[in-house]
2 protein chains.
Amino acid sequence: MRKNFPMSAKLRDVAEKAGVSVATASRVLSGSAEGVRPERRQAVVAAARELQYVPNAHAQALARSGTTHIGAILHDVSDPYFSEIVRGLQRAAVDAGQLVTVCNSYRDPERELAYVGLLRSQRIGALILTGSGLDDRSYSERLAAQINAFASTGGRPVFIGRHHIAGDAVLPDNVGGARALARALVTMGHRKFAAISGPPLLTTTRDRLDGFKAGLAEHGITLDPAAIAPGDFTREGGMAGMAHLLDAGPAGYGSIASDATCVFALNDAMALGALRTLRDRDIDVPGRISLAGFDDIPATLDTNPTLTTVRIPLAEMGALAVSLALEPPSDELRVRHIRSEVVLRESTAPPAALSR
Amino acid sequence: MRKNFPMSAKLRDVAEKAGVSVATASRVLSGSAEGVRPERRQAVVAAARELQYVPNAHAQALARSGTTHIGAILHDVSDPYFSEIVRGLQRAAVDAGQLVTVCNSYRDPERELAYVGLLRSQRIGALILTGSGLDDRSYSERLAAQINAFASTGGRPVFIGRHHIAGDAVLPDNVGGARALARALVTMGHRKFAAISGPPLLTTTRDRLDGFKAGLAEHGITLDPAAIAPGDFTREGGMAGMAHLLDAGPAGYGSIASDATCVFALNDAMALGALRTLRDRDIDVPGRISLAGFDDIPATLDTNPTLTTVRIPLAEMGALAVSLALEPPSDELRVRHIRSEVVLRESTAPPAALSR
DNA sequence: GAGTCTGCTGAAAGCGCTTGCGAAAGAACT
DNA sequence: AGTTCTTTCGCAAGCGCTTTCAGCAGACTC
C-alpha cells in the first residue's frame with residue numbers, strides 16, 4: 001500500500017543537498033556527534049529544513065535496535081479509572097520523550113494476550129499492563145510466558161494494580177482501603193451492610209471484598225453472602241446490582257435494603273449506577289441508605305449527594321509506572337505500594353434510625 | 001540502550017530451525033504467499049512458535065514501507081469528550097487491525113505540531129486530529145504545511161470536530177445543535193439567558209455561541225454580551241464561570257442570575273462545574289435557574305438533576321474518522337456532517353415565575 | 001622537516017524483513 | 001525419453017538509518 005508516492009525526503013537527499021555524506025548528515029541530525037564542523041552542521045540543518053525532512057522512525061529503530069515507544073494495555077480508555085491512569089502515564093511518558101500506544105483489552109484475556117504480542121513486535125521499550133489481573137491459570141501462564149520473553153529481550157514490563165507476574169508493579173492498597181472504609185462506616189454507626197461485587201475472577205474484586213469483610217470483622221460484623229450482589233465494575237452493573245439488592249433480596253430475608261443501612265459498591269462506576277437506581281426509586285441517600293464506592297474518580301464530585309469513596313491516586317500511579325519502566329532494570333522486582341485513603345462525602349451518614 | 005541482550009529470535013533463526021530460507025519463512029509467516037508446500041509451511045509455523053518468534057514491526061515497516069498504525073492527537077484522553085471519541089476510534093481501528101498511538105496536546109499548539117512531526121516520523125498511515133481548531137494564522141499555516149507534507153507522502157489526515165485544513169473531516173453540527181437548543185429553551189418559556197463560553201480562539205466556541213445566538217434571534221431575543229462569562233471547557237472553568245455570573249454580574253446590571261432564568265454552558269464539563277457552584281450556593285436547578293450543556297458526555301446522567309444537553313455521537317465520530325482514514329483516498333476532501341440532537345433532561349424547566 | 005596527534009569525514013557493514021526474479025524440481029505432454 | 005509448463009524456493013537487493021573503522025588533513029612536537 002501507499003506505494004508510488006513521492007516518498008518523503010530521506011537522509012540521503014538531505015546529505016546530497018548539503019554536500020556531505022549520509023554519515024555526517026546522520027550525525028548532525030541525530031545529535032549524537034559534536035564532531036562536525038559548524039559550517040557543515042548548518043548546511044545539513046538547512047537542507048533538512050528545506051526538504052521538510054522527517055526521519056523514518058522505523059529505520060532508526062531498526063538501526064539502533066530500540067524505540068522511544070511505550071505500550072499500555074488496559075480495559076478501556078473511556079472508563080474514568082483507566083483514563084486517569086493514562087493521563088498520568090502520558091504526562092510522565094512525554095517528559096521522558098516517549099510516545100504511548102494504548103490498547104483497550106475490554107478485559108478480554110485473549111485480546112490482551114494478542115496485544116502483548118503486537119506491542120512486542122513494535123519493539124516497544126516498556127509495556128504497562130493495567131487493570132485487575134485475572135485469576136485464571138492458563139491465562140496467567142501464557143501471559144507470564146509472553147512477559148518473560150519480553151523482559152528477556154530487554155523489555156520492561158510494569159504492572160499497575162494487578163498481581164505482577166514478572167515485572168515491577170505499582171499496587172494500590174485495595175485491601176487496606178476497603179478495610180479502612182469498613183471501619184469508618186461502622187464507626188459511623190452502621191451495622192448491617194450489603195455490597196455490589198465485581199467480576200469474581202478479578203483480583204481487585206477479591207482484595208476489596210476481603211478487605212471490607214476484614215474491616216467489618218474487627219467489629220464482629222459479618223457480611224451476609226446473600227447480601228453481596230454480583231456486579232461487573234460498570235455503571236450498568238451497579239444499577240443492576242442495586243436493583244438486585246432491592247428487589248430479589250436473599251431468599252427468606254425480604255429486601256436487603258429494608259435490612260442493610262449501607263451499601264458498598266466495589267468501585268465508583270458501580271456506585272454511580274447504584275445511586276441512579278436509588279434515585280429512580282426515590283430512596284433517599286444517605287437518609288434511608290448510605291452508599292460508598294472505591295477509586296475516587298472525578299465524577300464522584302458531581303453526583304448529588306457526592307460520593308463517599310476510597311481515593312487512590314490514579315494519575316500518579318500511571319506516572320510512577322512509567323518512571324519504573326524507565327529506570328534501569330534492577331535485579332529484584334520493584335513493587336510500589338500506593339496508599340489509599342477513605343474520603344467521606346455526602347452519600348454516607350449515620351443510619352437514620354439509630355435504633356439497633 | 002538495551003544492547004547485549006539475547007536479542008529475540010529473528011526470522012533467520014526460524015528459517016534455520018525449520019530448514020528453509022528466510023524468504024520462505026517470511027512468506028508463510030506474513031501470509032502473503034500460498035505457494036509454500038504444506039509440510040514446510042507447518043515446519044516454519046512450528047519453529048516460530050517454538051522460538052516464540054515475534055516479527056520486528058520496524059523491519060517490516062521498513063521493508064514494506066507502510067505501517068498498521070494510526071496516530072491520534074487530542075486535547076486530553078481523560079476528558080470524557082475525548083475519551084469517548086478515542087473509544088470509537090479504538091474500536092474501529094482494532095477491527096481494521098490497526099494500532100493507535102494517542103497523544104495529548106493539552107491544547108498547546110506547539111505540542112500538537114511537535115506530535116504531528118513525531119507521528120509522521122513513525123510513518124503512521126493515518127493521523128487523526130481531534131478537538132477544536134485554533135483560529136490562529138501562524139499556527140494554521142504551520143499545521144497545514146505539516147499536514148500537506150504528510151498527505152503528499154501517502155498519509156491520510158482526518159479531522160474530527162474542527163475546521164479541516166487539508167484532509168477529510170468529521171464535523172458535529174455545533175451551530176445547528178446550539179440553535180436547536182436555544183429554540184427549545186425559548187419554547188420552554190425562557191427569555192433571559194446567560195452563557196458560559198469557551199476559549200475564545202477555538203472554533204467550537206464560536207460555532208456554539210453563534211448557533212445559540214442565532215436560535216435566540218429567531219425569537220427576537222439577544223444574548224447580552226455582558227451575560228457571557230468566560231470559560232475554558234473544563235469543570236473548573238464552569239465553576240468559575242457560574243460564580244462570575246452570580247457574583248460580579250455585568251457592571252450596572254446587578255447579578256445576572258437574578259435576571260437570567262437559564263444558563264447555557266458551552267460544554268458539559270463546564271455545565272457540571274456550574275451545577276456544582278449552583279449547589280454550593282443552594283440555588284435550585286431548575287427551580288430558580290435552568291442549566292444546559294453540550295456534548296452529552298456520560299456523566300450528564302449521573303448528576304442530580306440530570307443535565308439537559310445536546311447530544312453528539314462521540315464514539316461514532318471516532319469510528320467514522322477511522323473508516324474515512326482507511327478508505328482509499330479520493331480526489332476531493334470528504335466531509336461527514338454529524339447531526340446533533342437536543343436532549344432535554346431535568347436541569348431545564350419552564351422559568352419559575354412565568355411572570356414576565 | 002620528519003614524525004605524531006587530533007579532529008573530521010566518508011565508505012561500508014549492518015539492523016530484520018519483504019519481494020522480484022530466476023533456478024530447480026516436478027508434473028504433464030508428445 | 002525428451003519437452004514444456006507449473007509450482008515452489010532461494011538469492012540477493014533493497015527499505016532508511018546508525019555506527020565502526022580507517023583515511024586524510026592540518027596542527028603539533030622535537
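A residue is counted as near a DNA strand if one of its heavy atoms lies within 4 Å of that strand, and the views below, taken from a predicted model, use that criterion.

**View 1. Protein surroundings of DNA strand D.** DNA strand D is surrounded by 24 residues, the closest of which are Leu11(A), Ser26(A), Ser30(A), Tyr53(A) and Thr24(B). Of the atoms of DNA strand D that come within 4 Å of the protein, 69% belong to sugar and phosphate. By residue class, the surface near DNA strand D comprises 11 nonpolar, 7 polar and 6 charged residues.

**View 2. Phosphate contacts of DNA strand D.** In chain A, a polar backbone atom of Leu11(A) lies 2.3 Å from a phosphate oxygen of DNA strand D, while an N or O atom in the side chain of Ser26(A) is 2.5 Å from a phosphate oxygen of this strand. From chain B, Arg40(B) places a polar side-chain atom 2.9 Å from a phosphate oxygen of DNA strand D. Helix 2 (22-29) and helix 4 (57-64) of chain A, together with helix 2 (22-29) and helix 4 (57-64) of chain B, are the elements that each give two or more residues to the surface near the strand, and the largest share, 4 residues, comes from helix 4 of chain A.

**View 3. Helix 12 of chain A and its covering elements.** The 13 residues of helix 12 (residues 314-326) of chain A should span 18 Å at 1.5 Å a residue, and because the end C-alpha atoms are 19 Å apart, the model agrees with this expectation. Buried residues of helix 12 include Leu314(A), Met317(A), Val322(A) and Leu324(A). Among the elements of chain A that cover the buried residues of helix 12 are helix 5 (80-95), strand 1 (69-74) and strand 11 (335-338).

Key. Residues numbered from 1 in each chain as written. Chains lettered and ligands numbered in written order. Predicted model: local features only at pLDDT ≥ 70, side-chain atom pairs only at ≥ 80, totals over all residues. Heavy atoms only, no water. Expected span 1.5 Å × (residues − 1). Buried < 20%, exposed > 50% of the residue type's maximum accessible area, 1.4 Å probe, protein only. Contact = heavy atoms within 4.5 Å. Polar contact = N/O pair within 3.5 Å; in protein donor to acceptor, adjacent residues only side chain to side chain. Nonpolar A, V, L, I, M, F, W, Y, C, P; charged D, E, K, R; others polar.
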